[in-house]
Amino acid sequence: MYGDYVHHVLHRLRAEQLRLDAPRRPRHTYPLRTRLGWRLVEVGLRLATPRVPSLPQLE
C-alpha cells in the first residue's frame, strides 16, 4: 500500500533532479511536426501546379 506511494515520491524527486542537472539547449523556432507539415504543403503545391510547356527557341 505505502510502497506505491513511496515509489512515486522517489520517482518525482529523481525526475526533478535530472531536469535541474540537464544542460539547457535552445529549442527550435518551430517544432519538428510543424516544419514537416509545412514542407509537405510545399511539396503538394509543387505537385499540383501544372507545368508550363517550354516554348521553342527562335534562332
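Is arginine 46 buried or exposed, and what is the relative accessibility of this residue? At 58% relative accessibility, arginine 46 is classed as exposed. The legends below place this residue in its surroundings within a predicted model.

**View 1. Overall fold of the predicted protein.** The protein contains two helices and zero strands. Of its 59 residues, 2% are buried. The accessible surface amounts to about 7000 Å², and carbon and sulfur atoms account for 61% of this area.

**View 2. Helix 1, residues 2-21.** Helix 1 comprises 20 residues, for which a rise of 1.5 Å a residue gives an expected span of 28 Å. The C-alpha atoms at its ends lie 29 Å apart, in agreement with that expectation. Helix 1 is hardly covered, with a count of one buried residue among its 20 residues.

**View 3. A nonpolar surface patch that includes valine 6.** Tyr2, Tyr5, Val6, Val9, Leu10 and Leu13 together make a nonpolar patch of about 640 Å² on the surface. Valine 6 belongs to helix 1. Its relative accessibility is 44%, so valine 6 counts as partly exposed, a class that lies between the limits of 20% and 50%.

**View 4. Helix 2, residues 32-48.** Helix 2 has 17 residues. From its first C-alpha to its last, helix 2 reaches 24 Å, close to the 24 Å expected at 1.5 Å a residue. Helix 2 is hardly covered, and the count of buried residues among its 17 residues is zero.

**View 5. The salt bridge between arginine 39 and glutamate 42.** The closest N and O atoms of this pair are 3.2 Å apart. Side chains of opposite charge can pair when their charged atoms come close. Arginine 39 and glutamate 42 are three residues apart in helix 2, and therefore about one helical turn separates them. Arginine 39 is exposed, at 51% relative accessibility, whereas glutamate 42 is partly exposed, with a relative accessible area of 31%.

**View 6. The salt bridge between glutamate 42 and arginine 46.** Here the closest N and O atoms are 3.0 Å apart. The two residues, glutamate 42 and arginine 46, stand four residues apart in helix 2, which means that about one helical turn lies between them. An α-helix has 3.6 residues a turn, so residues three or four places apart point the same way.

**View 7. The network of salt bridges in helix 2.** The count of salt bridges comes to two. Arg39, Glu42 and Arg46 are linked in a network. Glutamate 42 pairs with arginine 39 and also with arginine 46. Arginine 46, the subject of the opening question, is exposed in this network.

Key:
Residues numbered from 1 in each chain as written. Predicted model: local features only at pLDDT ≥ 70, side-chain atom pairs only at ≥ 80, totals over all residues. Heavy atoms only, no water. Buried < 20%, exposed > 50% of the residue type's maximum accessible area, 1.4 Å probe, protein only. Areas by Shrake-Rupley, 256 points an atom, 1.4 Å probe, with all protein chains shown as cover. Patch = residues over 30% accessible without salt bridge, like charges linked within 9 Å, V, L, I, M, F, W, Y side chains within 5 Å. Salt bridge = Lys/Arg side-chain N within 4 Å of Asp/Glu carboxyl O. Expected span 1.5 Å × (residues − 1).
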